[in-house]
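Hi,

Here is the structure I promised to pass on to you. Have a look at it first, and then read on for what turned up in it.

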Amino acid sequence: MIKTIERNLLLFRIEVKRIIMYKKAEFLGIAHPSVVRSSQRLDSLLNRVQGIYS
């Protein structure tokens, strides 16, 4: 059960980070350092999910 909660929390965090990144990119442009950092954080979370499901 705890694994399920952790997985769901991680998936929720990914969705939030994705939305934030898209909004930043919309207003600042995709090459802005803040957008790049958001993308890197999102990549990190996605890598964690991939590790769980592999």
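Let's start with L9, which sits in helix 1, the stretch covering residues 2-28. Please keep in mind as you read that this is a predicted model. Is L9 buried or exposed? Its relative accessible area is 51%, and exposed means over 50%, so L9 counts as exposed.

L9 also has partners at the surface. Together with F12, V16 and I20, L9 makes a nonpolar surface patch of about 370 Å². Try picking out those four residues in the viewer: L9, F12, V16 and I20.

Next come the charged pairs. How many salt bridges does the structure hold? There are two.

One of them links R18 and E15, where the closest N and O atoms are 2.5 Å apart. Both residues belong to helix 1, and because they are three residues apart there, about one helical turn separates R18 from E15. As for how open they are, R18 has 24% relative accessibility and is partly exposed, while E15, with a relative accessible area of 39%, is partly exposed too.

The other salt bridge joins the side chains of E26 and K23, with an N to O distance of 3.8 Å. Here again the spacing in helix 1 is three residues, so E26 and K23 are separated by about one helical turn. E26 counts as exposed, at 54% relative accessibility. K23 reaches 46%, and since partly exposed covers the range between 20% and 50%, K23 is partly exposed.

Finally, have a look at S34. Where is S34 found? This residue lies in helix 2, which runs over residues 33-53. Is S34 buried or exposed? The relative accessibility of S34 is 13%, and buried means under 20%, so S34 counts as buried.

Which residues does S34 touch, if we leave out those up to four places away in sequence? They are K24 and L28. With K24 there is also a polar contact: the side chains of S34 and K24 are joined at 3.1 Å.

If you want a route through the model, begin at the patch that includes L9, go on to the salt bridge between R18 and E15, then to the one between E26 and K23, and end at the polar contact between S34 and K24.

Happy exploring, and do write back with your questions!

Best wishes

Conventions: Residues are numbered from 1 along each chain as its sequence is written. This is a predicted model: local features need pLDDT of at least 70, side-chain atom pairs count only at pLDDT 80 or more; totals for chains, interfaces and linings use all residues. Side-chain values use heavy atoms; hydrogens and water are left out. Helices (H or I, at least four residues) and strands (E, at least two) are DSSP runs, numbered from the N terminus. Buried means under 20% relative accessible area, exposed over 50%, partly exposed in between (1.4 Å probe, protein chains only). A polar contact is a pair of N or O atoms within 3.5 Å; within protein, one must be able to donate a hydrogen and the other to accept it, and residues adjacent in sequence count only if both atoms are side-chain atoms. Contact means heavy atoms within 4.5 Å. Patches are made of residues with over 30% relative accessible area and no salt bridge: like charges are joined within 9 Å, nonpolar side chains (Val, Leu, Ile, Met, Phe, Trp, Tyr) within 5 Å. Accessible areas come from the Shrake-Rupley method with a 1.4 Å probe; for residues, only the protein chains shown count as cover.
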